[in-house]
Amino acid sequence: MFLTDSINSGHAYAATLYPMGIPQTVVSDDSVPVYWYGALYGFPSEEGGLWGSIVEKLAAKMFGNYENIVGGWFHEGIRTLTGAPGESFKNASFDSTKLFNKLETLDNKGFIMGAGTAGSG
């Protein structure tokens, strides 16, 4: 993903993201919006790594701003990060055995999987 793999004097980072599955190079600096309690978006890792914050900033830049990347679907996020195709389905459309079998098949094929809820608004 990252085309820049080390800190540089310009504090610039480049990565390839895949909006709608199409590769696009995005470049940004390493400054991230902060508030008194820390980062406003994409908090640093426990070890202090900022790669998550920088990836989120690159996505926000690619899609116009941070507000445009709030919410969304897991498979769309994975496609944006990797270029891999995705699928979405509702658990209610399967009985428990068919759902387990589907998930097991996808897992055996090495697919990236995630789950979500409808949220509250």
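Q: Why is Ser9 called exposed in this predicted model?
A: Ser9 has a relative accessibility of 77%, and the exposed class begins over 50%, so Ser9 counts as exposed. In the sequence, Ser9 lies in the segment before strand S1, which covers residues 12–17.

Q: How far apart are the C-alpha atoms of Ser9 and Trp36?
A: The C-alpha atoms of these two residues are separated by 27 Å, and Ser9 and Trp36 are 27 residues apart along the chain.

Q: What makes Phe2 and Tyr13 an aromatic pair, and why is the pair called edge-to-face?
A: The count of aromatic pairs in this model comes to 2. For Phe2 and Tyr13 the ring centres lie 6.4 Å apart, and pairing requires centres within 6.5 Å, so the two rings qualify as a pair. Their planes stand at 70°, and an angle over 60 degrees counts as edge-to-face, so that is the name the pair receives.

Q: Which parts of the chain does the pair of Phe2 and Tyr13 tie together?
A: Phe2 lies in the segment before S1, whereas Tyr13 belongs to strand S1 itself, so the pair ties together parts that are 11 residues apart in sequence.

Q: Why do Phe2 and Tyr13 fall into the classes they do?
A: Phe2 has a relative accessible area of 28%, which falls between the limits of 20% and 50%, so Phe2 is called partly exposed. Tyr13 has a relative accessible area of 12%, and because buried means under 20%, Tyr13 is called buried.

Q: Why are the rings of Phe89 and Phe94 also described as edge-to-face?
A: The centres of the Phe89 and Phe94 rings are 5.2 Å apart, which satisfies the limit of 6.5 Å for a pair. The ring planes are at 75°, and since the edge-to-face class applies over 60 degrees, the pair of Phe89 and Phe94 is placed in that class. Phe89 is partly exposed, with a relative accessible area of 28%, and Phe94 is likewise partly exposed, at 26%.

Q: What is noted about the backbone of His11, and how do you know that His11 is partly exposed?
A: His11 has a positive phi of about 50°, although this residue is not a glycine, and its place is in the segment before S1. The relative accessibility of His11 is 37%, a value between the 20% and 50% limits, so His11 counts as partly exposed.

Q: Where is Met20 found, and what makes Met20 exposed?
A: Met20 is found in the loop between S1 and strand S2, the latter covering residues 24–29. Met20 is not a glycine, yet its phi is positive, at about 55°. With a relative accessible area of 72%, set against the limit of over 50%, Met20 is therefore called exposed.

Q: How do you know that the protein chain departs from the radius of gyration of a compact globule?
A: A compact globule of 121 residues would have a radius of gyration near 14 Å, but the protein chain has 17 Å. Along its principal axes, the C-alpha trace spans about 55 × 30 × 30 Å. Of the 121 residues, 21% count as buried.

Q: What pattern do the helices and strands follow along the sequence?
A: The protein chain has 3 helices and 4 strands, and its pattern reads β-β-β-β-α-α-α.

Definitions and conventions: Residues numbered from 1 in each chain as written. Predicted model: local features only at pLDDT ≥ 70, side-chain atom pairs only at ≥ 80, totals over all residues. Heavy atoms only, no water. Helix = DSSP H or I, 4+ residues; strand = E, 2+ residues; numbered from the N terminus. Rg over C-alpha atoms; globule rule 2.2 N^0.38 Å. Buried < 20%, exposed > 50% of the residue type's maximum accessible area, 1.4 Å probe, protein only. Phe/Tyr/Trp six-rings, centres within 6.5 Å; stacked < 30°, edge-to-face > 60°.
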